[in-house]
Number of protein chains: 4
Amino acid sequence: MYFASDNSGPVHPQVMAKLAEANQGYQMAYGADTMMNEVRDRIRSIFEAPGAAVYLVATGTAANSLALATLSNPWETIFCSPVAHIHEDECNAPEFFTGAKLTLVPGGDKMAPDALRGSILGEETRGVHGPQRGPVSITQVTERGSVYSLEELQALCGVAKEYGLPVHLDGARFSNALVALNCSPADMTWKAGVDAVSFGGTKNGLMGVEAVVFFDESKAWEFELRRKRGAHLFSKHRYLSAQMAAYLEDDLWLKLARQANANCARLADGLRAKGAEFLHEPQANMIFAAFSRAKHKQLHEAGAIYHLWGAELEGGDDDESLACRLVCDWSIGTAEIDQFLSLL
Amino acid sequence: MYFASDNSGPVHPQVMAKLAEANQGYQMAYGADTMMNEVRDRIRSIFEAPGAAVYLVATGTAANSLALATLSNPWETIFCSPVAHIHEDECNAPEFFTGAKLTLVPGGDKMAPDALRGSILGEETRGVHGPQRGPVSITQVTERGSVYSLEELQALCGVAKEYGLPVHLDGARFSNALVALNCSPADMTWKAGVDAVSFGGTKNGLMGVEAVVFFDESKAWEFELRRKRGAHLFSKHRYLSAQMAAYLEDDLWLKLARQANANCARLADGLRAKGAEFLHEPQANMIFAAFSRAKHKQLHEAGAIYHLWGAELEGGDDDESLACRLVCDWSIGTAEIDQFLSLL
Amino acid sequence: MYFASDNSGPVHPQVMAKLAEANQGYQMAYGADTMMNEVRDRIRSIFEAPGAAVYLVATGTAANSLALATLSNPWETIFCSPVAHIHEDECNAPEFFTGAKLTLVPGGDKMAPDALRGSILGEETRGVHGPQRGPVSITQVTERGSVYSLEELQALCGVAKEYGLPVHLDGARFSNALVALNCSPADMTWKAGVDAVSFGGTKNGLMGVEAVVFFDESKAWEFELRRKRGAHLFSKHRYLSAQMAAYLEDDLWLKLARQANANCARLADGLRAKGAEFLHEPQANMIFAAFSRAKHKQLHEAGAIYHLWGAELEGGDDDESLACRLVCDWSIGTAEIDQFLSLL
Amino acid sequence: MYFASDNSGPVHPQVMAKLAEANQGYQMAYGADTMMNEVRDRIRSIFEAPGAAVYLVATGTAANSLALATLSNPWETIFCSPVAHIHEDECNAPEFFTGAKLTLVPGGDKMAPDALRGSILGEETRGVHGPQRGPVSITQVTERGSVYSLEELQALCGVAKEYGLPVHLDGARFSNALVALNCSPADMTWKAGVDAVSFGGTKNGLMGVEAVVFFDESKAWEFELRRKRGAHLFSKHRYLSAQMAAYLEDDLWLKLARQANANCARLADGLRAKGAEFLHEPQANMIFAAFSRAKHKQLHEAGAIYHLWGAELEGGDDDESLACRLVCDWSIGTAEIDQFLSLL
């Protein structure tokens with residue numbers, strides 16, 4: 001009963017198999033491996049973007065930080081949600097790589113177009129004194145398990161475009177959002193107005209690979225230099241390529257995302273039936289729910305692993321309602337979910 | 001006949017097996033996996049350094065840059081060889097992570113103690129005007145395939161210590177040097193005066209893992225923060241741990257390094273017999289040799305893959321002697337070496 | 001009728017005289033001038049801090065950025081007001097010099113101790129993932145013309161100290177606050193818990209000099225190196241020293257601040273009498289007041305110069321109330337103030 | 001007898017007078033003062049560059065660092081002399097502002113075109129691995145008192161242009177070089193191939209002002225943002241403008257440079273007559289000469305102030321020849337020079 005994070009489960013067997021397949025003979029290093037050519041073509045095809053620049057890195061923070069650095073200048077500010085991963089969970093990596101500031105758009109985890117416009121209007125009205133307006137970074141799935149609809153994405157990108165600002169999509173859970181929306185990758189990115197996307201794999205069955213895709217290929221060389229300077233270019237790059245190749249083959253990425261979201265829906269339905277309250281409506285593979293400390297204790301004793309959310313297990317009244325975060329990846333079995341629910 | 005680099009060959013099967021073994025069930029992310037505890041203990045034991053701080057990253061550039069950033073301040077200069085990897089091959093990553101300058105100690109690829117002292121004396125004699133003296137970074141095996149003797153290492157560290165400067169060892173080929181010297185890891189590091197080491201695995205059979213070891217554990221927390229801020233902390237860290245665990249198990253690391261060095265010696269002996277000239281005496285797993293363009297062409301046509309060194313295959317006289325770099329990893333077969341030699 | 005800013009007026013004649021006095025013969029460069037010794041002693045004496053480290057720079061942004069860089073680490077966050085100069089008006093200079101992030105403490109221009117505690121508690125609860133807690137930066141006079149009482153300063157510093165965080169005081173208008181509180185410089189700084197202060201002069205009659213004072217002298221050498229590396233060490237430093245010497249001589253700094261505050265009070269009283277509304281209670285030398293567009297137009301036509309605050313002169317209804325900022329320095333004459341008031 | 005540096009003498013009286021003149025009434029801050037418009041026009045006219053972007057900063061290190069940051073990218077290397085001020089005397093400020101590395105072109109203080117070409121060819125031949133080729137920075141007058149001829153400047157710029165690299169001229173002693181060459185500012189800059197110049201004033205009679213001139217005005221806005229972000233934008237900018245205005249008025253800058261060079265020539269002639277040896281042929285306002293310790297001691301006792309060059313006054317044989325640096329600014333009197341010579 002492991003619901004702590006979607007980075008805690010195993011790598012999918014097909015990915016392991018592809019790594020073994022890639023582990024034959026000699027390959028040019030640093031991204032010049034033959035499998036990378038296939039991966040690049042496949043991602044361009046999936047995104048319906050034949051001219052896209054496609055790169056692989058090993059961590060989501062690297063994907064976000066390097067993409068944003070390529071889209072921004074050090075005297076700019078990057079607009080994002082107050083709970084964005086780039087703000088809360090990357091220990092100043094975005095500031096380190098970009099030199100820029102982050103401006104937190106007021107509101108919840110989802111940015112609203114008007115709030116974004118308000119934040120944009122709040123900057124760069126005083127010449128050189130404040131930071132200049134820079135990229136907008138949108139997280140899809142959000143850090144609270146919500147999914148922007150295509151209309152919402154288009155509206156946010158539309159505001160950015162009004163002011164000539166590039167848009168970055170933090171897609172650490174891109175696949176989970178995509179299957180939730182049942183749309184195409186192009187719909188969720190460049191057709192909506194996104195300029196660059198961190199296309200995540202690590203949280204969806206890979207060992208550690210994220211693609212960075214720029215729909216404007218003029219950013220390609222700068223990104224390559226930034227990746228190397230950031231120490232994120234792998235010599236034995238073929239093992240990144242192999243993971244991504246397995247991910248894309250036969251739509252494994254979509255299959256795993258569907259499994260994760262289905263697991264999450266099963267768990268959410270069960271929680272709802274047991275009377276749990278939801279802090280956010282679960283739309284992908286994460287649940288933020290609240291139920292009594294007594295039940296948390298029971299689950300804890302039975303070996304369930306997950307994070308309480310702004311709360312402590314020990315101390316306090318057993319009746320008190322405590323929030324928690326429950327994350328499902330593809331590998332959670334229905335038996336485990338049902339066991340968890342039965343303990344409630 | 002692949003002698004282009006020791007990052008071009010496959011991952012050792014035992015490493016793949018350990019990855020499969022690690023790929024079971026759930027594990028805490030970000031370095032809190034159980035295998036990392038074993039790895040840490042094992043490295044401390046191998047280095048006879050029970051209090052050492054031990055971390056894993058995925059690239060050699062990350063290991064070097066983060067280690068140096070932890071040992072230095074942005075107003076300092078780092079002393080290194082003019083051909084050091086940190087100077088020539090990391091696209092300003094050390095400058096990015098440290099903020100410091102690199103001072104190139106005059107001479108060849110091996111730094112000489114007197115030259116190092118001269119460079120140190122050349123800095124920080126004018127108050128705040130020049131950069132202050134910072135760490136000394138030594139590359140072992142050097143970028144030209146030479147190995148510092150223990151006496152040489154001690155002498156260099158001794159000079160650094162005279163001026164209170166910390167010492168970093170870039171050990172991307174640490175294992176190859178160790179078996180060449182036939183000494184202990186402690187001899188080649190802290191007993192000689194080294195404060196932190198990039199203990200490489202990627203060039204010796206791993207997929208992409210380097211350990212950073214600080215003999216002074218007070219650097220631990222700063223390193224952890226720098227690693228995260230540099231986007232080099234892996235969520236699914238267990239797969240880094242697994243590689244390193246396999247590497248250390250039953251001294252695989254030493255076995256592979258011995259194989260690589262033996263391959264290199266066989267190749268060097270053959271080259272010598274064929275009358276090739278050596279730019280540097282090969283002491284580990286790299287050869288810098290020169291022979292006629294005609295022979296290079298012949299090898300090239302037969303499918304041999306390696307880098308010419310400051311020379312072009314096409315154009316010029318067939319008799320002209322052209323330098324090349326030949327690198328052996330553990331996986332090169334003797335058959336291939338002999339085939340290569342037979343073509344000369 | 002110039003109320004646009006306290007950086008628009010002339011330099012005080014005694015400062016010009018001291019510059020002329022300093023302009024004799026030869027002086028050692030880079031802060032080794034004899035007058036700097038007097039300045040250092042005098043500031044230590046004024047602050048009752050015999051061991052303080054004292055440095056001069058030429059801009060307020062340099063003073064703040066360099067002081068904060070010396071007090072923080074690049075993986076930390078600096079706590080400040082949402083309207084702090086370091087956040088709104090320095091084009092990412094604090095981020096550039098520190099590498100850190102700024103955390104905006106919710107609330108108005110004055111930070112409240114509970115809000116500060118809340119922000120501190122919101123950080124660094126997740127290991128390396130978020131930025132670590134760094135310095136608290138307090139602006140005195142605030143950017144909205146308010147003055148923290150000694151009790152308020154003590155309370156804020158007290159919260160910082162609970163968490164072991166250093167405190168920086170942005171005292172661009174230090175003197176105006178001091179005479180408003182009628183306390184000692186020690187009271188308003190180290191006795192309240194401040195570790196380093198940007199002690200402003202430029203807005204109070206100087207040409208361009210701010211002192212940075214560290215009450216913990218162990219920061220001295222680092223600051224000197226950071227100042228040089230930031231290109232903020234003046235070769236002909238004697239002209240910075242001279243300005244500060246004149247400023248401190250015979251308490252010119254206090255006299256000018258009293259004049260500025262008195263000018264402001266006269267203006268505020270007049271505005272109040274004319275029925276203007278105040279966005280903030282003016283406590284030092286700045287007024288944020290609102291009155292009708294018609295009156296603004298009248299003043300504008302009569303040649304009054306000041307900034308509207310989030311409003312445009314043109315367009316809209318003449319009866320509409322528009323906010324403005326009115327700043328008084330020492331040099332504003334009462335005649336001008338009365339002329340301004342008579343136009344209302 | 002003060003020959004320690006050209007930043008030790010007084011400010012010229014006409015500059016002080018212009019500061020007093022500027023010290024009237026109110027002026028817009030941050031470079032919007034009326035005098036700056038005149039200065040900009042005058043510099044454009046002097047350089048025969050009507051579209052040039054012209055900015056003022058207060059230190060030479062700021063001028064160099066900000067100009068280079070505007071001309072380069074953080075993954076590049078800047079080519080300069082091993083004794084360039086940006087390398088030896090700015091405590092990593094260029095690295096801080098640019099993020100780039102410095103590549104030291106082998107040779108003496110003057111770069112030779114072939115050596116520059118060799119250094120350029122040595123970089124960027126390995127894709128992303130090494131830093132990319134960035135700007136060439138030329139120091140005129142060099143740090144050893146030499147002056148590049150126009151032919152030499154053209155040749156260096158020509159090499160840079162072959163590789164598409166921008167050229168920066170560190171003209172801390174621009175005026176001294178100009179009067180030595182007896183050419184026009186345009187000849188010594190854009191006509192030779194220079195893209196941006198640090199046009200120094202501080203060492204030639206000003207209090208602390210350097211202009212940065214970009215002949216390509218498309219760099220203007222980026223420079224403004226970098227200046228602000230570097231904390232180098234002055235609020236009371238009029239006092240920078242006033243210094244530069246006085247400097248340019250009636251060719252004061254040329255007059256002072258001629259005086260300094262004439263002083264230097266008188267001193268050099270005298271030294272030659274006394275049998276001193278010259279390390280470099282003095283061509284502007286600096287002398288590097290050697291004579292016996294005994295004579296140095298005598299001068300020292302008589303109150304002469306200057307720097308020994310890589311030597312110590314105390315200890316050693318009185319007959320030993322010790323090198324020294326002697327710098328003349330405009331303010332040195334012939335009486336002092338003759339007194340100095342008479343002591344030899």
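The following exchange examines how the copies in this predicted model are related, how they meet, and which salt bridges the model contains.

Me: What makes chain A and chain B copies related as by a two-fold rotation axis?
Reply: Chain A can be laid on chain B by a turn of 180 degrees with a shift of 0.0 Å along the axis, and the RMSD is 0.0 Å. The two copies are thus related as by a two-fold rotation axis. In chain A, the residue that comes closest to this axis is A:Gly230, whose C-alpha lies at 3.7 Å.

Me: What turn and what shift lay chain A on chain D?
Reply: A turn of 180 degrees and a shift of 0.0 Å along the axis lay chain A on chain D, with an RMSD of 0.0 Å. The same surface serves both copies, as 100% of the contact residues of chain A recur in chain D.

Me: How do you know through which surface chain A and chain B meet?
Reply: Of the interface residues of chain A, 100% are also interface residues in chain B, so the copies meet through the same surface. The contact joins 48 residues of chain A and 48 residues of chain B.

Me: What area is buried between chain A and chain B, and which residues of chain A lose the most?
Reply: About 4,200 Å² is buried between chain A and chain B, and carbon and sulfur atoms give 61% of it. On the side of chain A, the residues that lose the most area are A:Tyr26, A:Phe96 and A:Lys236, which together account for 21% of what that side buries.

Me: How many salt bridges and how many polar contacts are found between chain A and chain B?
Reply: The rule finds zero salt bridges across the interface of chain A and chain B. The count of residue pairs in polar contact between these chains is 23, with both residues at pLDDT 80 or more. Helix 1 (13–22), helix 3 (60–71), helix 5 (93–98), helix 10 and helix 11 (238–248) of chain A each supply at least two residues of the side that touches chain B. By class, that side has 24 nonpolar, 15 polar and nine charged residues.

Me: What makes up the interface of chain A and chain D?
Reply: Chain A and chain D each bring 16 residues to the contact. Together they bury about 1,500 Å², 75% of it on carbon and sulfur atoms. A:Trp75, A:Val128 and A:Leu225 supply 40% of the area that chain A buries against chain D, more than any other three residues. Helix 10 (residues 220–229) of chain A gives the most to this side, with seven residues. The side of chain A that touches chain D has seven nonpolar, four polar and five charged residues.

Me: How many salt bridges and polar contacts does the interface of chain A and chain D hold?
Reply: Zero salt bridges are found across this interface, whereas four residue pairs are in polar contact, both residues being at pLDDT 80 or more.

Me: Why is the pair A:Lys18 and A:Glu249 called a salt bridge?
Reply: The closest N and O atoms of A:Lys18 and A:Glu249 are 2.6 Å apart, and the limit is 4 Å, so the pair qualifies as a salt bridge. A:Lys18 lies in helix 1 of chain A and A:Glu249 in the loop between helix 11 and helix 12 (252–273), 231 residues apart.

Me: Why is A:Lys18 called buried or exposed, and what of A:Glu249?
Reply: Buried means under 20%, so A:Lys18, at 9% relative accessibility, counts as buried. A:Glu249 is partly exposed because its relative accessible area of 37% falls between 20% and 50%.

Me: Why do A:Asp318 and A:Lys297 count as a salt bridge?
Reply: Their side chains meet at 3.3 Å, N to O, which is within 4 Å and therefore meets the criterion. A:Asp318 is partly exposed, with a relative accessible area of 35%, and A:Lys297 is partly exposed, with 23%.

Me: Where do C:Arg272 and C:Asp269 lie?
Reply: Both lie in helix 12 (residues 252–273) of chain C, three residues apart, about one turn of the helix. Their closest N and O atoms are 3.4 Å apart, and the pair forms a salt bridge. C:Arg272 counts as partly exposed at 37% relative accessibility, as does C:Asp269 at 46%.

Me: How many salt bridges does a search of the whole structure find?
Reply: The search finds 69 salt bridges over all chains.

Technical notes:
Residues are numbered from 1 along each chain as its sequence is written. Chains are lettered from A and ligands numbered from 1 in the order in which they are written. This is a predicted model: local features need pLDDT of at least 70, side-chain atom pairs count only at pLDDT 80 or more; totals for chains, interfaces and linings use all residues. Side-chain values use heavy atoms; hydrogens and water are left out. Copies are superposed by least squares on the C-alpha atoms of residues with pLDDT of at least 70 in both. Contact means heavy atoms within 4.5 Å. Buried area is the accessible area (1.4 Å probe) that two parts lose on being put together, summed over both. A polar contact is a pair of N or O atoms within 3.5 Å; within protein, one must be able to donate a hydrogen and the other to accept it, and residues adjacent in sequence count only if both atoms are side-chain atoms. Helices (H or I, at least four residues) and strands (E, at least two) are DSSP runs, numbered from the N terminus. Ala, Val, Leu, Ile, Met, Phe, Trp, Tyr, Cys and Pro count as nonpolar, Asp, Glu, Lys and Arg as charged, and the others, Gly among them, as polar. Buried means under 20% relative accessible area, exposed over 50%, partly exposed in between (1.4 Å probe, protein chains only).
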